[in-house]
Amino acid sequence: MVKVCLLGYGGIGHVHANGYSLLEKEGKAKLLGVCDINPDVFTKEIAINISDDSGDKQLSFNTYTDLDEMLAKEQPDMVDICLPTFLHKEKAVYLLNKGYHVFCEKPMALTYAETQEMLAAAKANGKELMIGQCLHFFSEYEYLKDLVVNGTYGKAISAFFQRLSPPPVWAWENWYMNSNLSGGCIQDLHIHDIDMCRYLFGNPHTVSCKTKDGFGKWDCAHSTLIFDDLHATVIGDWSLQNAPFEPSYRVAFEKATVICVNGVVKVYPAEGEGFTADIQPKDGYAAEVSYFMDVIGGAENTKNRADSASLSVKLIETLRNSANQGGKQLPFEV
Ligand SMILES: NC(=O)c1ccc[n+]([C@@H]2O[C@H](COP(=O)([O-])OP(=O)(O)OC[C@H]3O[C@@H](n4cnc5c(N)ncnc54)[C@H](O)[C@@H]3O)[C@@H](O)[C@H]2O)c1
């Protein structure tokens, strides 16, 4: 049973806490303590674009407003960082240097340089570090990954990924809408699909991006990733007021087209009837932390490595450079 503490109990912190409840039933992990600078979060209900919290406040963990006090009292094996992005590097390095394994929400950090500091701290202390690139653990993306790896319908020829959301104005001190703290939609929301493209197809050799500012900076990003064998178009947009959250993908393979909207995957083979893929829905957030428990236990991390999450931050930087030059095509140098 891995002993866990969680830092930051806002939107995604609540989602992770629910995941640890499932893992506790499996005897895999126990969430002992949660720390947030704002004590009100332990009593209020929350609603974000991916979940809402019906407000069962029978908390099964101890609550803290001071990180060091929590660490001293709970003596965890690992800490799960669910803080605003601008705090990821500082807290991850601090915790790794203190000898804890660290799970940290995506995006890994605000800059590639910061991600390198996090990787170096993990290596220097011999501790595991994993980033919450949660799509690697969602059934509809696992299904797509299997199709690519197994070549079920031949090679992928073209791909389209999209993630749409209303502006995330629900968070602590409205930090998402300050691009100095969040990196804007291009860094926060868009990175899910940019990282997924790298996970599926490897590193693109050439990229370009056009962005639009609105409520804040970098609210909308239209990117093109060019690989040896295919082009991918990726859109991230959180300027859609009052619209529902909607993730989707469309991938054309040599022998089929695969389309996913909100977790439902439809397959249209070149020959034969189209069908809805038989996918068992699961809690991808619980699955990612469960995987991290295995990694802490000695399993090799082949599915979601921190050095890969770091390169996704580097790719976002390249896309931002492209956008700053009016959408110029730039090489992606790894
Ligand atoms: N994987 C996903 O699908 C997903 C979804 C949502 C958010 N995220 C990521 O998770 C992170 C957190 O996002 P969120 O939506 O939960 O934000 P949030 O604002 O809802 O929650 C952040 C919490 O951190 C607390 N906090 C701020 N500074 C602190 C400090 N120094 N010490 C302790 N607590 C502090 C705040 O009080 C707040 O409760 C971000 O990096 C975001 O990009 C990932």
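Two residues are in contact if their C-beta atoms, placed from the backbone, lie within 7 Å. With that in hand, here are the close-up views; please keep in mind that the model is predicted.

**View 1. Trp 218 and the residues it touches.**
Let's start in the loop between strand E8 (206–212) and strand E9 (220–226), the place of Trp 218. Setting aside residues up to four places away in sequence, Trp 218 touches Ser 179, Gly 183, Gly 184, Cys 185, Ile 186, Gln 187, Thr 211 and Asp 213. Trp 218 counts as buried because 26 other C-beta atoms lie within 10 Å. From Trp 218 to Ala 92 the C-alpha distance is 26 Å, with their positions 126 residues apart in sequence.

**View 2. Ala 92 in the largest nonpolar core.**
The largest nonpolar core has 89 residues, and those that touch the most other members are Leu 6, Ile 81, Ala 92, Val 102, Leu 129 and Cys 197. Helix H10 (residues 306–324) gives this core its largest share, 7 residues. Both domain 1 (2–133 + 287–302) and domain 2 (136–282 + 312–331) contribute, with at least three residues from each. Zoom in on Ala 92 and you will find Ile 81, Val 102, Cys 104, Met 118, Ala 121 and Leu 129 in contact with it, leaving aside neighbours within four places in sequence.

**View 3. Where domain 1 meets domain 2.**
The domain assignment splits the protein chain into domain 1 (2–133 + 287–302) and domain 2 (136–282 + 312–331). Taken over C-alpha atoms, the two domain centres are 25 Å apart. On the domain 1 side 21 residues make contact, and they meet 21 residues of domain 2. Helix H4 (112–125) and helix H9 (284–296) each bring at least two residues to the side of domain 1 that touches domain 2. H9 supplies the largest share of that side, 3 residues. Sorted by class, the same side of domain 1 holds 12 nonpolar, 7 polar and 2 charged residues.

**View 4. A closer look at helix H9.**
How far apart are the end C-alpha atoms of H9? They are 18 Å apart, which agrees with the 18 Å that its 13 residues should span at 1.5 Å a residue. Gly 284, Tyr 285, Ala 286, Ala 287, Glu 288, Val 289, Phe 292 and Met 293 are the buried residues of this helix. Among the elements they pack against are strand E1 (2–7), helix H1 (11–25) and strand E2 (29–35). After H9 comes Gly 298, with a positive phi near 115 degrees.

**View 5. The shell around the ligand.**
There are 27 residues around the ligand, and Gly 8, Gly 10, Gly 11, Ala 171 and Trp 172 come nearest. H1 gives the most to this shell, with 3 residues. The shell divides into 16 nonpolar, 7 polar and 4 charged residues. Because domain 1 and domain 2 both give residues to the shell, the ligand lies between them.

**View 6. Glu 74, a buried residue of helix H2.**
Is Glu 74 buried or exposed? Glu 74 is buried, with 20 other C-beta atoms within 10 Å, and its place is in helix H2 (residues 67–74). Leaving aside neighbours within four places in sequence, Glu 74 is in contact with Cys 5, Leu 32, Gly 33 and Asn 62. Leu 31 is 43 residues from Glu 74 along the chain, and their C-alpha atoms are separated by 9.7 Å.

Key: Residues numbered from 1 in each chain as written. Predicted model: local features only at pLDDT ≥ 70, side-chain atom pairs only at ≥ 80, totals over all residues. Domains from an automatic or database assignment. Helix = DSSP H or I, 4+ residues; strand = E, 2+ residues; numbered from the N terminus. Nonpolar A, V, L, I, M, F, W, Y, C, P; charged D, E, K, R; others polar. Expected span 1.5 Å × (residues − 1). Buried ≥ 20, exposed ≤ 12 C-beta atoms within 10 Å, placed from the backbone. Core = buried A, V, L, I, M, F, W, Y, C linked by C-beta atoms within 7 Å. Near = placed C-beta within 6 Å.
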